[in-house]
Amino acid sequence: MKMRLNKKLLVLFTLFSISTTLQAQDMNALVMKVKAKLEKVKDYTADGKMKTDVAFIKAPIGRVKVYFKSPDKFKLQRDGGISVLPKGGVSINIGSMIMQTGFVAIDAGISTVGGTAVRVVKLLPDADAGEIILSTLYIDETNLLIRKSVTTTRENGTYEMELQYGKYASYGLPDKVLFSFNAKDYKLPKGITLEFDDTDKAVKDKMKGKKGRVEINYTAYTINTGLSDAIFK
């Protein structure tokens, strides 16, 4: 009787292992399809308007120009005003949402983002050396679009991106990006009007528990024109 029970448990465990492996393969395949779509864009220049709202700082809406070159060159220029972006190299570049190499994709079920059904996929890095600890993608499987991502990092807290698409959806490029993060984990970039050092306790206390939001509405993209590396220096 005991031997039969052990055999049944072994069969169930084997079936569970096979099912888990197949699910992981399916999720990896889905992520790679999304990645392949994004990789069709070798570079782009985009015009848009950015609105910043970080704790007690409310900056006016300003025009921005964004430059991107594959795989990871990214530059944002704003015409005056305050630009608040996370430190530590984290950018609002959608290409940074998917780890370049060395990850395992896990199926985390079904959800919705803005009324669109999405597959929730958690990406776990193979190694411990990188900045990203965990990335959760909300993927529109029909259109191979990332509708939302939540990324947890070692040094810069957790940040979230929600994306809306329009006429550039075939390239995987959004018309609107809403970027949110914990304000206390970030500092204002150097060279702008309001600058606070990481050690400024009064400022950090004031920002504690507050959310920062950066919203960009893109008006036009120019895609795959062969941008020079000099633009990013």
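This is a short tour of salt bridges, strands and a surface patch, with a residue to select at each stop.

Keep in mind that the model is predicted.

**Stop 1: aspartate 140**

Select aspartate 140. It sits in strand 6, which covers residues 132–140. Is aspartate 140 buried or exposed? Its relative accessibility is 3%, so aspartate 140 counts as buried. The cut-off for buried is under 20%.

Now show its side chain. Which residues make polar contacts with the side chain of aspartate 140? One is asparagine 143, with a side-chain contact of 2.9 Å. Another is arginine 147, with a side-chain contact of 2.8 Å. Aspartate 140 and arginine 147 also form a salt bridge. The closest N and O atoms of that pair are 2.8 Å apart.

Widen the selection around aspartate 140. Set aside the neighbours within four places in sequence. Aspartate 140 is then in contact with Thr116, Ala117, Val118, Leu145 and Arg147.

**Stop 2: arginine 147**

Move across the salt bridge to arginine 147. This residue belongs to strand 7, residues 145–153. Arginine 147 has a relative accessible area of 14%, so it is buried. Both ends of this salt bridge, aspartate 140 and arginine 147, are therefore buried.

What does arginine 147 touch, apart from residues up to four places away in sequence? Select Val113, Thr116, Val118, Tyr138 and Asp140. Then add Met161, Glu162, Leu163 and Tyr165. Arginine 147 touches each of these.

Next, pick glycine 114. Along the chain, glycine 114 and arginine 147 are 33 residues apart. Draw a line between their C-alpha atoms: the separation is 8.5 Å.

**Stop 3: aspartate 47 and lysine 65**

Select aspartate 47 and lysine 65 together. They form a salt bridge, and its closest N and O atoms are 2.6 Å apart. Which strands does this pair link? Aspartate 47 is in strand 1, residues 43–54. Lysine 65 is in strand 2, residues 57–69. The two residues are 18 residues apart, and the pair links distant parts of the chain.

Check how open this pair is. Aspartate 47 has 30% relative accessibility, so it counts as partly exposed. Lysine 65 has 28%, and it counts as partly exposed too.

Stay with aspartate 47 and look across to strand 10. The residue opposite aspartate 47 is alanine 220. Now colour strand 1 and strand 10. How many bridges join them? There are 11, and the two strands run antiparallel.

As you follow a strand, remember a basic rule. In a regular strand, side chains alternate between the two faces of the sheet.

**Stop 4: glutamate 215 and lysine 176**

Select glutamate 215 and lysine 176. This is another salt bridge, with its closest N and O atoms 3.7 Å apart. Glutamate 215 lies in strand 10, residues 211–223, and lysine 176 lies in strand 9, residues 176–182, so the pair ties together parts that are 39 residues apart in sequence. Lysine 176 counts as partly exposed because its relative accessibility is 24%.

Now show the backbone of strand 9 and strand 10. Seven bridges pair these two strands, in the antiparallel sense. Click on leucine 178. Its bridge partner in strand 10 is glutamate 215.

**Stop 5: a salt-bridge network**

Select Asp107, Arg119 and Glu141. Salt bridges link these residues in a network. How many salt bridges are counted in this model? The count comes to eight.

**Stop 6: a nonpolar patch**

Switch to a surface view. Select Val104, Ile106 and Leu124. They form a nonpolar patch on the surface. Together they have about 200 Å² of accessible area.

Pick out leucine 124. It is placed in strand 5, residues 116–125. Leucine 124 counts as partly exposed because its relative accessibility is 33%.

**Stop 7: serine 228**

Finish at serine 228, in the segment after strand 10. Is serine 228 buried or partly exposed? At 40% relative accessibility, serine 228 counts as partly exposed.

Zoom in on its side chain. A polar atom there lies 3.1 Å from the backbone nitrogen of alanine 230.

Last, select aspartate 43. Serine 228 and aspartate 43 are 185 residues apart along the chain. Their C-alpha atoms are separated by 9.7 Å.

Terms used:
Residues are numbered from 1 along each chain as its sequence is written. This is a predicted model: local features need pLDDT of at least 70, side-chain atom pairs count only at pLDDT 80 or more; totals for chains, interfaces and linings use all residues. Side-chain values use heavy atoms; hydrogens and water are left out. Patches are made of residues with over 30% relative accessible area and no salt bridge: like charges are joined within 9 Å, nonpolar side chains (Val, Leu, Ile, Met, Phe, Trp, Tyr) within 5 Å. Accessible areas come from the Shrake-Rupley method with a 1.4 Å probe; for residues, only the protein chains shown count as cover. A salt bridge is a side-chain nitrogen of Lys or Arg within 4 Å of a carboxyl oxygen of Asp or Glu. Helices (H or I, at least four residues) and strands (E, at least two) are DSSP runs, numbered from the N terminus. Buried means under 20% relative accessible area, exposed over 50%, partly exposed in between (1.4 Å probe, protein chains only). A polar contact is a pair of N or O atoms within 3.5 Å; within protein, one must be able to donate a hydrogen and the other to accept it, and residues adjacent in sequence count only if both atoms are side-chain atoms. Contact means heavy atoms within 4.5 Å. Two strands pair if DSSP finds at least two bridges between them.
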